[in-house]
Amino acid sequence: MSIGAAAQENNVPAAGGTSCSCSDPTAKCDSSANCPNANAICVCSENGCTSYCINNNGAMGDFPAPKNLSSILQKAGNKEIGVILTKALGKTVSFVPYKSDFGFDAQSPPADHWDVLQYLAQNGELKINNGDFGTWKKIREIVNAGKVNFCTSSITVGALVNELSFFGGRKYQVVSGNPNERLSADIKGLNIEGIINALEKHHQLLIEQK
């Protein structure tokens, strides 16, 4: 599965573009991507393979606590929801409710920002980097399936940490080391925490969950 340009960032593109490829022997799958105006990420795990494009120089997400994010959205107008989530997640988010009188009013406190996104997707058209919510859910299932391999050499460490925060539903932050250093090789781990540990080891970083 590849969503390519459908999930491309809308910020400053990578000059010339990049490509990637990876495979997983357990899932018997492979993926590749060629992103003409962005940076390519390929991901493989026991749950499948996928690829997508991001902007290496895009803003990092704030990833506020889920309850705080929910509270902010409850006070926001419909046209503000996309702007708020774009800042929170570091991805370009748009939301158009099915009903004009929609107001964010989740019945139970969200466990993470994916609960927030799920609620919005049930009540309107939700796009993340021009890709539909269902597509990003499928990518998340692959990322969180266990042993996972991120194949990309075109993005910075900080950009990958932002991706891990997005898919993991929790905020990770580089607190020591250079977040602007580019990845030097594919990164493998038993899970997202394993990927974080590999980044710390290979790039002399300290990454904390906030």
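**Entry 1: Asn149**

I looked up Asn149 in this predicted model and found it in strand S9, which runs over residues 148–151. Is Asn149 buried or exposed? Its relative accessibility is 11%, and buried means under 20%, so I recorded Asn149 as buried. I then listed what touches Asn149, leaving aside its neighbours within four places in sequence. The contacts are Cys42, Val43 and Cys44, together with Asp186, Ile187 and Lys188.

**Entry 2: helix H2**

I turned next to helix H2, residues 78–89. I checked its length: for 12 residues at 1.5 Å a residue the expected span is 16 Å, and the end C-alpha atoms are 17 Å apart, which agrees.

Which residues of H2 are buried? I noted Asn78, Ile81, Gly82, Leu85, Ala88 and Leu89. They cover an arc of only 130 degrees around the axis, and therefore they lie on the same side of H2. On the other side of H2, I found Lys79, Val83 and Lys87 exposed.

I also asked what covers the buried residues of H2. The cover includes three helices, namely H1 (66–74), H3 (113–123) and H5 (157–168), as well as strand S6 (93–97). After H2 comes Gly90, and I recorded that its phi is positive, near 70 degrees.

**Entry 3: helix H1**

Since H1 is part of the cover of H2, I looked up H1 in turn. The buried residues of H1 are Leu69, Ser70 and Leu73. Their arc around the axis is only 100 degrees, which puts them on the same side of H1. Which elements do these buried residues pack against? I found that they pack against H2 and H3.

**Entry 4: helices H3 and H4**

H3 appears in the cover of H2 and in the packing of H1, and I followed it to helix H4, residues 133–143. The two helices, H3 and H4, pack at an angle of about 150 degrees, and their axes are 11 Å apart. Angles over 145 degrees count as roughly antiparallel, so I described H3 as roughly antiparallel to H4. The crossing of H3 past H4 is left-handed.

Which residues make this contact? From H3 I listed Trp114, Leu117, Gln118 and Ala121. From H4 I listed Phe133, Trp136, Lys137 and Arg140.

**Entry 5: review**

I reread my notes on H3. H3 helps to cover the buried residues of H2, the buried residues of H1 pack against it, and H3 also packs with H4.

Methods:
Residues numbered from 1 in each chain as written. Predicted model: local features only at pLDDT ≥ 70, side-chain atom pairs only at ≥ 80, totals over all residues. Heavy atoms only, no water. Helix = DSSP H or I, 4+ residues; strand = E, 2+ residues; numbered from the N terminus. Expected span 1.5 Å × (residues − 1). Buried < 20%, exposed > 50% of the residue type's maximum accessible area, 1.4 Å probe, protein only. Arc of directions from axis to C-beta. Contact = heavy atoms within 4.5 Å. Axes fitted to C-alpha atoms, helices over the stretch in contact; angles between N-to-C directions. Parallel < 35°, antiparallel > 145°, perpendicular 65-115°, else oblique. Left-handed = near helix turned anticlockwise from the far one by under 90°.
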